[in-house]
Amino acid sequence: MNSHDQELLNPETMLSIPLKKTDPVELYVPLRKLVASKYSESDAQKVESVLETLNKCRRDMVERRADLSLPMQRDCLIHYFKCLSMVEPLFTSISSDADPILFVWYDAFNPDHQDGVSSQLNGIELEKAAVLFNLGAIYSQIAASCDRTTALGRHLAIEAFKVAANFFRKLLQFFAKHVVSATLDLTFLFAEFLHLLFSAQASELELHELLNKNDASYAFQQHRCALAFRSVYELYRRAYVTIKNDSAARKHFRSFDRTWLTHLKEKVPFLYAEVRQRESSILPQSDRSHACSTVESCALDHDAECVTEILVRGICSTKTQPFEIQTRMYVDLILSEYNPFKIMKDGKLVAYPWDMPPPYPTDSAILSSSLSSSSLSDILGFFPLKKTEPLNLYESLEKLAYPWDLPPPPPYPTDSAILSSSLSSSSLSDILKFLPLKKTEPLNLYESLRSYFVLKYSESVANRVEGLLQMLHKLRNEMQRDDLSLPLRRDCLILYLKYLCMIEPIFPMNASPNPPIFVWYNAINPQQHSSQHNIHLEKASVLFNLGALCTRISLSCDFTTIHGFRLAMDALNDASRWLTRLSYCESRLASGTFDLSEHYTKTINNQFRNLKSMFPRPQSSPRYAYSAYNPVKCVLFAYDPSDVTEQFLLGYCKGYSMIQEVCERHLPWETPPCLDLLSEVSPVKIKDGNLVSNATLEPPNIGLMHATPAEVAGELMKSENVDIALKGLINFLQSKYNTSK
């Protein structure tokens with residue numbers, strides 16, 4: 001390529017767009033009046049927190065934007081969109097004599113144009129469309145601001161451009177056709193153009209990565225590059241044609257930045273020439289499978305400059321991805337200390353401010369009064385259990401227990417009738433005997449990992465990943481604490497698994513004189529154990545414990561309430577997902593004790609459908625439902641349309657699902673985990689290219705561990721103003737933290 005061609009393929013030349021601006025509007029007062037008049041004052045009190053947070057989010061979008069970092073603006077917009085989705089049903093019932101709510105939004109590219117302002121009375125469609133536009137815009141700015149001279153910066157930019165493209169795809173699919181009197185930037189044409197543009201830029205950055213790879217035969221490398229050039233060309237061509245064929249759009253862009261159209265006009269013929277030149281490199285279908293089999297690991301994996309990118313890439317890989325968030329939505333709504341939206345006792349909904357760091361106080365009243373493992377048999381006493389003969393678990397599994405060090409490959413010979421019959425004939429409480437929590441030996445993971453990075457790379461590289469190593473060590477110690485409640489222990493395990501996925505690419509640590517040895521005991525027969533330098537043993541054991549914990553949570557729910565029943569369903573779904581992940585992704589790689597075998601976990605999993613059918617059902621509830629919320633039909637299980645909190649909850653589920661779908665990477669309903677590392681509330685953050693632990697979260701987390709539920713509730717009740725009450729709670733937790741040191 002000549003110098004001009006190299007400039008056209010320069011990753012530094014990437015376009016981003018400005019955010020739309022809006023006028024202030026008061027939402028809390030008119031919406032609270034509406035709820036109180038249409039429903040009741042008590043109903044208004046149940047959703048008051050959501051309305052206050054909704055109002056704060058919008059006020060911060062207008063007044064604080066200049067003071068917020070790009071990730072913080074993103075967090076605020078996502079929080080606002082979820083709150084907005086919760087109150088959406090209210091806008092269909094605003095009467096003519098109610099307090100009006102006027103939304104005014106300005107064109108992002110030309111706000112001073114005669115058609116550059118759009119206003120709509122009580123028009124929530126305009127509001128949601130504008131917020132989606134701004135989410136796409138903020139992700140484009142995040143992508144453009146990444147240091148694309150580094151591997152980590154390029155990786156983050158690719159993911160952010162993809163998400164930006166997805167937001168504009170969602171805008172053109174659901175909102176652009178329905179917004180009345182929209183400015184030009186909200187029209188179908190502009191949404192389609194921006195979707196194509198940011199898809200093209202993400203693909204172009206991926207093409208740059210591909211051109212620098214050397215992990216395949218020459219023929220296959222040329223084949224991949226030829227296909228990539230064709231894909232990038234097609235996206236840029238469609239984007240340019242979309243604008244070129246519309247005179248109003250061309251004029252609009254020229255008033256914003258004349259170089260945009262010039263940039264696209266030069267890109268298209270250049271890429272087309274590359275495509276024509278490389279067409280002969282595309283392999284016939286019959287030769288591709290052989291060429292693909294020669295692909296080796298990426299040479300960049302051994303480059304010290306790419307270490308942080310390798311670790312971040314670990315949680316984005318399809319091989320390591322542990323998250324299927326949709327089944328956890330309702331569980332997180334009630335139990336997760338990292339979810340700012342909460343269902344509290346008696347159906348009250350709480351939305352903590354977007355800029356309040358976790359942990360967020362939860363209300364475990366939806367669960368039974370005791371959650372300790374020792375009292376689970378008492379908790380299950382209300383189940384109508386069948387009479388059964390005493391079950392000798394060890395005799396049942398005696399013929400199934402093979403030595404942990406039996407040479408692979410599995411599966412080992414089994415008599416499935418023994419385990420299946422034992423489970424099917426047992427009571428509900430007996431299933432917990434088949435899913436006890438696995439125990440592990442203590443391990444100084446921090447020292448082992450850090451010494452590896454120092455030896456393999458350098459002291460400075462070890463310092464760059466220090467925060468991640470510290471968090472891994474802390475979480476591994478915390479996950480074995482029997483004094484933690486089941487919800488807190490679940491949060492700990494999920495975070496630990498996430499960060500395990502980040503360090504997976506560095507295993508096996510052959511260069512280390514002191515590699516970590518993971519020791520895990522058989523959950524069914526603790527006399528057996530497995531001891532390996534194998535991260536898949538660690539991941540498999542964590543997945544097993546997540547399945548066991550979620551099963552206990554499910555069986556600990558208060559089935560007399562609809563929220564308890566929904567939670568029980570989705571907690572059991574959550575357990576099933578973790579065990580499915582274990583059986584299909586980690587079991588064979590772990591080569592651990594029998595409880596981690598594919599056969600054992602599948603057999604346990606097969607019992608969950610029957611277990612769910614035995615749940616005591618609330619009156620008037622449907623006969624069967626798979627989960628609390630069906631994202632395909634947008635239906636909430638046992639939904640009561642006359643209940644305002646149910647309307648808010650259904651709106652939250654829809655908004656949550658849309659955000660997750662827009663942000664998907666490999667699986668449905670999945671947020672790109674690497675972009676979460678930019679958030680101010682992430683336990684491990686990317687800062688200046690380093691992985692650092694988030695010090696701002698430590699005081700409230702430790703403070704909450706030393707506070708009683710009564711103390712937390714007392715602090716929250718000291719003021720009717722949510723902001724004041726929450727600030728008071730943070731100060732209280734800070735004092736608890738200082739006392740505990």
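These questions and answers walk through a predicted model of one protein.

Residues are numbered from 1 along each chain as its sequence is written. In this predicted model, local features need pLDDT of at least 70, side-chain atom pairs count only at pLDDT 80 or more, and totals for chains, interfaces and linings use all residues, while side-chain values use heavy atoms and leave out hydrogens and water.

Reader: How many helices and strands are there in the protein?
Author: Helices (H or I, at least four residues) and strands (E, at least two) are DSSP runs, numbered from the N terminus. By that count, the protein has 30 helices and 10 strands.

Reader: What pLDDT does the protein average?
Author: The pLDDT is the predictor's confidence in each residue, from 0 to 100. In this protein, 79% of the residues score at least 70. The average is 81.

Reader: Which element has the lowest mean pLDDT?
Author: At the high end stands strand 5 (residues 518-521), with a mean of 97. At the low end, the mean is 37, and it belongs to helix 15 (residues 376-379).

Reader: How many contacts has the stretch of residues 369-426 in the model, beyond near neighbours in sequence?
Author: Contact means heavy atoms within 4.5 Å. The pLDDT is below 50 over residues 369-426. Beyond near neighbours in sequence, the model gives this stretch a contact count of 85.

Reader: What share of the 741 residues is buried?
Author: Buried means under 20% relative accessible area, exposed over 50%, and partly exposed in between (1.4 Å probe, protein chains only). Buried residues make up 57%.

Reader: How many residues of helix 13 are buried?
Author: Helix 13 spans residues 307-314 and is mostly covered. Its buried residues include Val307, Ile310 and Leu311. The count is 7 of 8.

Reader: Is Asn339 buried or exposed?
Author: Asn339 sits in the loop between helix 14 (329-335) and strand 3 (341-343). Leaving out residues up to four places away in sequence, it touches Asp332, Leu333, Tyr360 and Tyr652. Its relative accessible area is 9%, so Asn339 is buried.

Reader: Which residue's backbone oxygen does the side chain of Asn339 reach?
Author: The distance is 3.3 Å. The partner is Asp332.

Reader: Why does Asn690 count as partly exposed?
Author: Asn690 lies in strand 10 (residues 690-693). It touches Arg464 and Lys685, not counting residues up to four places away in sequence. Asn690 is partly exposed because its relative accessible area is 24%.

Reader: How are helix 8 and helix 9 oriented?
Author: Axes are lines fitted to C-alpha atoms, for helices over the stretch in contact, and angles run from 0 to 180 degrees between N-to-C directions. The axes of helix 8 (residues 188-211) and helix 9 (residues 218-244) come within 8 Å and cross at roughly 160°. Angles under 35 degrees count as roughly parallel, over 145 as roughly antiparallel, 65 to 115 as roughly perpendicular and the rest as oblique. Helix 8 is therefore, relative to helix 9, roughly antiparallel.

Reader: What is the orientation of helix 5 and helix 26 to each other?
Author: Helix 5 (residues 70-87) packs against helix 26 (residues 644-662) at about 140°, with the axes 6 Å apart. Among the residues that meet are Ile78 and Phe81 in helix 5, and Phe648 and Tyr652 in helix 26. The two helices are therefore oblique.

Technical notes. A polar contact is a pair of N or O atoms within 3.5 Å; within protein, one must be able to donate a hydrogen and the other to accept it, and residues adjacent in sequence count only if both atoms are side-chain atoms.
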